[in-house]
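Here are my notes on the model you passed along. I have kept them as numbered points so that you can check each one against the coordinates.

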Amino acid sequence: MMRVRRKPSSTVRWDIDRMVGNVETGRFERSLSALTAAGALVTAAEIYFEHDSASFGNKMMWVPVALGPVGAAAGVAGFFSRRMAKTALPIASAAIVANGLQGTYLHARGIAQKPGGWRNARYNLEMGPPLLAPLLVTMVGGMGLLAAVLRRER
């Protein structure tokens with residue numbers, strides 16, 4: 001009968017350990033910068049289509065659409081340059097987070113302005129502006145802020 005030899009548990013490397021290692025060595029900072037760039041473009045496109053269906057009734061609806069390419073450019077720059085990851089990326093990401101929080105307020109105000117307001121919340125949450133959608137773009141900005149504070153690989 002043949003026995004299977006196993007590696008000692010101290011030498012087995014799990015996926016979570018690899019991810020922690022990437023954070024410790026600074027490799028994750030570049031990846032998160034690139035993910036911020038991709039997320040900014042995807043959310044900007046989604047926001048454009050949603051706000052276009054509302055005919056861009058308020059000029060503020062253009063702000064998150066315009067911030068998408070800015071966040072994408074900062075994310076790409078942060079991927080290639082440590083300096084950009086520590087300057088341009090946090091500035092663009094902070095603007096995206098602020099705009100996402102502002103959007104959550106504006107969407108809540110839009111629901112309140114619908115007939116019945118918050119007393120008719122069940123209907124107005126479905127038919128009015130999506131209350132939690134702006135938080136999606138806020139998360140993208142948060143990824144950029146996190147990338148900016150993480151250490152960078154040498």
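Helices (H or I, at least four residues) and strands (E, at least two) are DSSP runs, numbered from the N terminus. This is a predicted model, where local features need pLDDT of at least 70, side-chain atom pairs count only at pLDDT 80 or more, and totals for chains, interfaces and linings use all residues. Residues are numbered from 1 along each chain as its sequence is written, and side-chain values use heavy atoms, with hydrogens and water left out.

1. **N99 in α5.** Helix α5 covers residues 88–113, and N99 sits in it. N99 counts as buried because its relative accessible area is 10% (buried means under 20%, exposed over 50%, and partly exposed in between, with a 1.4 Å probe and protein chains only). Its side chain has a partner: the side chain of N99 makes a polar contact with that of Q102 at 3.3 Å. A polar contact here is a pair of N or O atoms within 3.5 Å; within protein, one must be able to donate a hydrogen and the other to accept it, and residues adjacent in sequence count only if both atoms are side-chain atoms.

2. **N124 in α6.** A second asparagine to look at is N124, which belongs to helix α6 (residues 121–127). N124 is buried, since its relative accessible area is 0%. A polar atom of the N124 side chain lies 3.2 Å from the backbone oxygen of P115. On the longer range, N124 and T87 are 37 residues apart along the chain, and their C-alpha atoms are separated by 41 Å.

3. **The end of α2 and its distances to V65.** Which helix holds both Y48 and F49? Helix α2 (residues 27–53) contains F49, and Y48 is in α2 as well. Y48 is partly exposed, with a relative accessible area of 32%, whereas F49 is exposed at 56%. The C-alpha atoms of Y48 and V65 are separated by 5.9 Å, with their positions 17 residues apart along the chain. For F49 and V65, 16 residues apart in sequence, the C-alpha to C-alpha distance is 9.6 Å.

4. **Positive phi in the loop after α2.** The loop between α2 and α3 (62–80) includes S55, and F56 is found in that loop too. S55 is not a glycine, yet its phi is positive, at about 60 degrees. F56, also not a glycine, has a positive phi of about 45 degrees. How do they stand on burial: is S55 buried or exposed? S55 counts as exposed because its relative accessibility is 59%, while F56 is buried with a relative accessible area of 12%. You may like to look at both backbones in your own viewer.

5. **F79 in α3.** F79 is placed in helix α3. F79 counts as partly exposed because its relative accessibility is 24%. F79 and W62 are 17 residues apart in sequence, and 27 Å apart in space from C-alpha to C-alpha.

6. **A nonpolar surface patch.** W14, I16, M19 and V20 make a nonpolar surface patch of about 440 Å². Patches are made of residues with over 30% relative accessible area and no salt bridge: like charges are joined within 9 Å, and nonpolar side chains (Val, Leu, Ile, Met, Phe, Trp, Tyr) within 5 Å. Accessible areas come from the Shrake-Rupley method with a 1.4 Å probe, and for residues only the protein chains shown count as cover. M19 is in helix α1 (residues 15–25) and is partly exposed, with a relative accessible area of 49%.

7. **A positive surface patch.** On the surface, R82, K86, R151 and R154 gather in a patch of positive charge. Lys and Arg count as positive and Asp and Glu as negative, while His and the chain ends are not counted; the place of a charge is NZ of Lys, CZ of Arg, CG of Asp or CD of Glu. A salt bridge is a side-chain nitrogen of Lys or Arg within 4 Å of a carboxyl oxygen of Asp or Glu. R154 lies in the segment after α7 (134–149) and is exposed, with a relative accessible area of 93%.
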